[in-house]
Every structure is written in C-alpha cells, then in structure tokens.
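The following explanation is intended for a reader who meets this structure for the first time. Please keep the sequence and the model in view while reading.

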Amino acid sequence: MSDRRKDHIKKARDFLDQAQSKVDSGSFAYLLESVSLRTHIDELETYEAIEDVGRTYELIDFRMIASKFEAGSVPLNVLAKAAEEIRKMVGYAALRFIQGGISRKRVPEALYEDLDLRLAGVLPGSSRLVIAAAAHRDLFDDGVAKRAIQRIMEVLETEGRGVDFLNSVADLGPSSAKSLREFLKVIRANDGALELTWKYAGREVRNWGASAKTVSDVTEALEHTELREKEKRLIEGKIEMLSKRERLQLRTREGEVIRVLFPKRLFSEVAELHLDQKVSLYCQVAVFENPHTSEISQHYELIEVRS
C-alpha cells in the first residue's frame with residue numbers, strides 16, 4: 001500500500017471513529033458523516049486492492065462513457081456482454097501470438113488458465129471495468145498477455161483508417177477482431193465513448209481515448225473488413241529486417257519487399273536467422289479488404305522455415 005493512501009485511510013478511520021461515537025449518542029448528522037466516511041474508505045481500499053493486483057498483472061481499464069452510466073452503475077446485461085467479449089478478445093489474440101493461424105475457432109482452456117483473466121474492479125466514472133491478465137513477463141520484459149493487449153491497442157489506435165488498420169487487424173486475427181467489434185458494438189448501442197488505459201507495475205503503458213463517433217467509426221470498419229485466405233506459398237529472398245515484434249522483412253529476387261509475421265512457436269527457428277541471409281520461407285498468404293474504402297492489404301504469415 002502506498003504511504004500516501006495508507007495515510008488517507010488512517011485519517012478517514014480516525015474521523016470515522018469520532019463520528020461513530022457521536023452516532024452512538026444519537027446524532028443523525030454524524031450518522032450521515034459516518035456512512036460517507038465508510039464509503040470513502042471502501043473506495044480507497046478498492047483502488048489499493050487493484051494496484052496490488054497490478055504489480056503482477058496487466059491491468060486494462062475500460063472506461064465506458066455514456067449518459068446511461070453517469071450514475072456510476074452499469075446494466076448487468078451490458079457488464080456480462082462486455083466482460084465475455086473482452087475475455088474472448090484477449091484469449092484469441094494470445095492464441096494467435098503463440099500459435100499463429102488465421103482461422104482458429106477455439107481458445108484452449110489451458111491458455112485461459114495461464115492468462116488468468118479477472119474482473120479486478122467495477123469503478124464509477126462513468127462505468128469502468130478493470131480487467132486483469134496474468135503478466136508472466138520474462139527477463140526481457142515480454143509476455144503473452146502483453147503481446148495480446150498490444151495487438152488490440154494497435155487496432156484501436158488506427159481509428160479504423162488506412163492500410164495500417166488492415167495490417168493491425170491481420171496481426172490481431174479474425175476471431176479476436178470479431179470480439180473487439182462486438183465489445184465496441186455494446187458501447188455504440190449506448191451512444192458511448194471509450195477510454196482504455198493499460199497499466200503494468202503501477203505505470204501507464206498505453207492510453208486510447210475515443211469519442212462516440214470514433215467508437216462508431218472503428219466498429220464500422222471492423223464490420224466491413226473481410227478476410228480471404230488465398231494460398232500457401234514458398235517465398236525466397238534475402239532478410240532485410242528482423243524484429244523482436246514477431247516480424248521479419250524479406251526482399252525477393254524481383255525486388256519486392258514482403259513483411260512476414262511469425263508466431264511464438266517459431267521464435268527459436270527465426271532466432272537462428274540473420275540479416276542478409278538468403279532463405280526460403282513457407283507462408284500462408286491472406287488478403288484483408290475493406291470494401292467500404294476499397295483498401296486492400298496482403299498478409300504473410302510464416303508456417304515453416306525451409307532453408
């Protein structure tokens with residue numbers, strides 16, 4: 001517990017003790033003050049509990065802003081729908097990061113157990129769902145939950161526009177993108193705005209704020225985006241770039257530069273490659289298209305390093 005918050009709670013408890021003694025003597029004014037102090041202490045302890053969780057968990061604060069939520073409460077059906085879509089969104093993003101593949105239909109229960117997704121708190125202002133995912137970060141400050149959340153944030157930060165949006169949706173994967181779309185539809189249905197804050201170890205990692213219009217724009221872009229799996233292809237060329245963010249860049253003999261995503265399961269094989277090396281990569285090729293804007297992005301995902 002932080003010293004500052006500990007001091008606030010101690011002072012509030014001291015005031016509560018004083019007010020309680022007056023309540024016992026029949027003072028109605030002090031009864032009201034006592035109730036207010038108890039509520040304040042509960043809020044402080046709730047915030048502290050969430051911060052304690054955040055030392056070993058990735059925290060994502062979904063602040064849904066709508067007139068319907070201004071009282072600080074959220075309809076139970078909205079909470080249930082939002083929580084379920086967030087669970088699937090993170091689960092499918094994590095599965096794609098680990099295993100790759102475009103059309104995976106089910107997240108293994110073992111992966112959900114590793115993610116240990118929790119509802120850490122429901123806070124006022126307007127309605128805030130604080131979701132926790134077990135960090136399990138390694139010596140390089142990397143982890144599955146971190147990568148899953150990162151890919152979700154990258155889609156949102158494009159605000160549904162441009163080829164960057166299509167590329168980020170391809171990286172996230174169709175199943176996770178579908179759950180992201182369904183979550184945003186819950187907010188859109190309430191004419192709501194959204195602020196999403198990602199924290200780890202007490203520090204803010206990323207923040208994204210969106211007006212009701214932006215929420216609607218991203219939702220609409222996700223609704224229109226289509227995936228077409230084309231073929232599996234052997235690509236030969238020279239490695240121009242190797243990234244820690246699961247990507248490599250290849251220049252073919254014809255001079256075309258191709259960006260290739262690779263899943264965690266292939267990290268060890270890719271780690272043996274080096275810049276300027278000539279390689280043969282067996283890849284899944286897919287096309288993501290937004291017919292509404294006529295934008296198209298071709299996506300390559302590594303299946304196997306052949307040579």
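The paragraphs below turn to the strands, then to the enclosed space, and then to an open pocket.

The model is predicted. A suitable starting point is its closed barrel, which is built from five strands in the order β6-β7-β8-β10-β9 with mixed pairing. From one strand to the next, the twist averages 50°. Within this barrel, β8 (residues 257-261) and β10 (residues 295-305) run parallel and are joined by two bridges. Leu261 has Glu301 of β10 as its bridge partner.

Attention may now pass to the space left between the atoms. Rolling a probe the size of a water molecule over the atoms shows where such empty space is left. Three cavities of 30 Å³ or more are present in the structure, and the largest of them holds about 60 Å³. Among the residues lining the largest cavity are Tyr92, Leu95, Arg96, Leu172 and Pro174. Both α3 (76-99) and α7 (174-189) supply at least two residues each to this lining, which by class comprises five nonpolar, four polar and two charged residues.

The second largest pocket has a volume of about 390 Å³. It is lined by 20 residues, and those closest to its centre are Pro174, Ser175, Ala177, Lys178 and Arg181. Two or more lining residues come from each of α3, α7 and β6 (226-243). The largest share, seven residues, belongs to α7. Sorted by class, the lining of the second largest pocket contains eight nonpolar, four polar and eight charged residues. Pro174 and Ser175 thus appear in the lining of this pocket and also in that of the largest cavity.

Note on methods
Residues are numbered from 1 along each chain as its sequence is written. This is a predicted model: local features need pLDDT of at least 70, side-chain atom pairs count only at pLDDT 80 or more; totals for chains, interfaces and linings use all residues. Side-chain values use heavy atoms; hydrogens and water are left out. On a 1 Å grid over the protein atoms alone, a cavity is a set of points where a 1.4 Å probe fits but cannot get out, and a pocket is an open set with protein on both sides within 12 Å along at least five of seven lines; lining residues have an atom within 4 Å of a point. Grid points are joined across faces, edges and corners, and a volume is the space filled by probe spheres set on the points. Helices (H or I, at least four residues) and strands (E, at least two) are DSSP runs, numbered from the N terminus. Ala, Val, Leu, Ile, Met, Phe, Trp, Tyr, Cys and Pro count as nonpolar, Asp, Glu, Lys and Arg as charged, and the others, Gly among them, as polar. Two strands pair if DSSP finds at least two bridges between them. Axes are lines fitted to C-alpha atoms, for helices over the stretch in contact, and angles run from 0 to 180 degrees between N-to-C directions.
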